[in-house]
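Please examine the sequence and the structure shown here before attempting the exercises. Each task is followed by a solution in steps.

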Amino acid sequence: MSSQAAALPDVIRDIERTPADIVDKASTYASSILADVAGRRGALNGRIAPLSPSMRFAGTAITVEVRPGDNLMLHAAMAIAKPGDVILVDGKGDLSSALIGEIMSHQCMALGIAAVVLDGACRDSEEIRKMGFPMFAVGTNPNGPTKQVNGRVNHPISIGGVTVHPGDLVVGDADGVTVVERAKAASLLPLAAEKVAAETKRIAGIKSREALRPGWLDAALRTAGVLKEGETL
């Protein structure tokens, strides 16, 4: 480990965030659209899912690493988060106890935090659904956490198979969560608009029965060796 890395505090308070206007524009796109235009990268493992399919959000990442079953650093992250932030927690996939419940969710809403994404468990799920606070987790557990083990805030984490840096763009909906690197977020928005337009046109073609199969299918089948040159389905 370099001396510079060793000198970093466990809690990094100041980070560079994805600009608010980029977040606002990204909020109009589905997580699937952003994952596609990002090269089918950045989508968290599907086991991390919303408590309710109506929950959706867009915001900037506050990253948290905790020891399994301990939420001390989640509280630290909430203390330094700004409105519009999304708290992502590398909880090591532990489901033996919840890292957050109704009380902390109320606190998050009052602070303007856009969502919480856990590689771990939550509790008080019925109450959180009624509140409408976007909570994405691996599962639930009624057992409460401890609050005594050190961790880190705003360091790079791995969550759901994706590396997340503080300040990255994060979008979530019924399909799950997609993370886009902060430096690439603005450049992907025009591609997202093109993708939506293309898909809208494709759906219209299907509904009108003018294009009932994709135009690329025969060529792809030839490339795969399923069809011979000049042959079509």
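The exercises below move from the whole chain to its cores, one helix and several single residues.

This is a predicted model, in which local features need pLDDT of at least 70 and side-chain atom pairs count only at pLDDT 80 or more, while totals for chains, interfaces and linings use all residues. Residues are numbered from 1 along each chain as its sequence is written, and side-chain values use heavy atoms, with hydrogens and water left out.

**Exercise 1. The chain as a whole**

Task: Describe the secondary structure, the extent and the burial of the chain.

Solution.
- Step 1. The chain holds eight helices and eleven strands. Helices (H or I, at least four residues) and strands (E, at least two) are DSSP runs, numbered from the N terminus.
- Step 2. The C-alpha trace spans about 70 × 45 × 35 Å along its principal axes.
- Step 3. Of the 233 residues in the chain, 44% are buried. Buried means under 20% relative accessible area, exposed over 50%, and partly exposed in between (1.4 Å probe, protein chains only).
- Step 4. Contacts (heavy atoms within 4.5 Å) between residues at least 6 apart in sequence join residues at least 24 apart in 74% of cases.

**Exercise 2. The nonpolar cores**

Task: State which residues of the largest nonpolar core touch the most other members, and which strand gives the most to this core.

Solution.
- Step 1. A nonpolar core is a set of buried Ala, Val, Leu, Ile, Met, Phe, Trp, Tyr and Cys residues joined through side-chain atoms within 4.5 Å.
- Step 2. The largest such core has 45 residues, and Ile87, Leu88, Ile100, Val117, Leu118 and Met135 touch the most other members.
- Step 3. With five residues, strand 4 (residues 115-122) gives the most to this core.
- Step 4. Another core, of 15 residues, lies apart from the largest one and includes Ala26, Leu34, Leu169 and Leu189.
- Step 5. Leaving out residues up to four places away in sequence, Ile87 touches Ile62, Val64, Leu74, Ala77, Met78, Ile113, Ala115, Val116 and Val117.

**Exercise 3. The two sides of helix 5**

Task: Explain why the buried residues of helix 5 line one face of the helix.

Solution.
- Step 1. The buried residues in helix 5 (residues 102-111) are Met104, Ser105 and Cys108.
- Step 2. Seen down the axis of helix 5, these residues fall within an arc of 105°, so they line one face. The arc is that of the directions from the helix axis to the C-beta atoms.
- Step 3. An α-helix has 3.6 residues a turn, so residues three or four places apart point the same way.
- Step 4. The buried residues are covered by elements including helix 4 (72-80), strand 4, helix 6 (125-131) and strand 5 (135-137).
- Step 5. Exposed Ile103 and Ala110 sit on the face of helix 5 turned away from its buried side.
- Step 6. Gly112 follows helix 5 and has a positive phi, near 85°.

**Exercise 4. Three loop residues**

Task: Determine where His165, Asp124 and Arg209 are found.

Solution.
- Step 1. His165 is in the loop between strand 9 (162-164) and strand 10 (169-173). Its relative accessibility is 38%, so His165 counts as partly exposed.
- Step 2. His165 and His155 are ten residues apart in sequence and 6.7 Å apart in space, C-alpha to C-alpha.
- Step 3. Asp124 is in the loop between strand 4 and helix 6. Its phi is positive, near 60°, in a residue other than glycine.
- Step 4. Arg209 lies in the loop between helix 7 (182-207) and helix 8 (217-223). Arg209 is exposed, with a relative accessible area of 63%, and its phi is near 65°.
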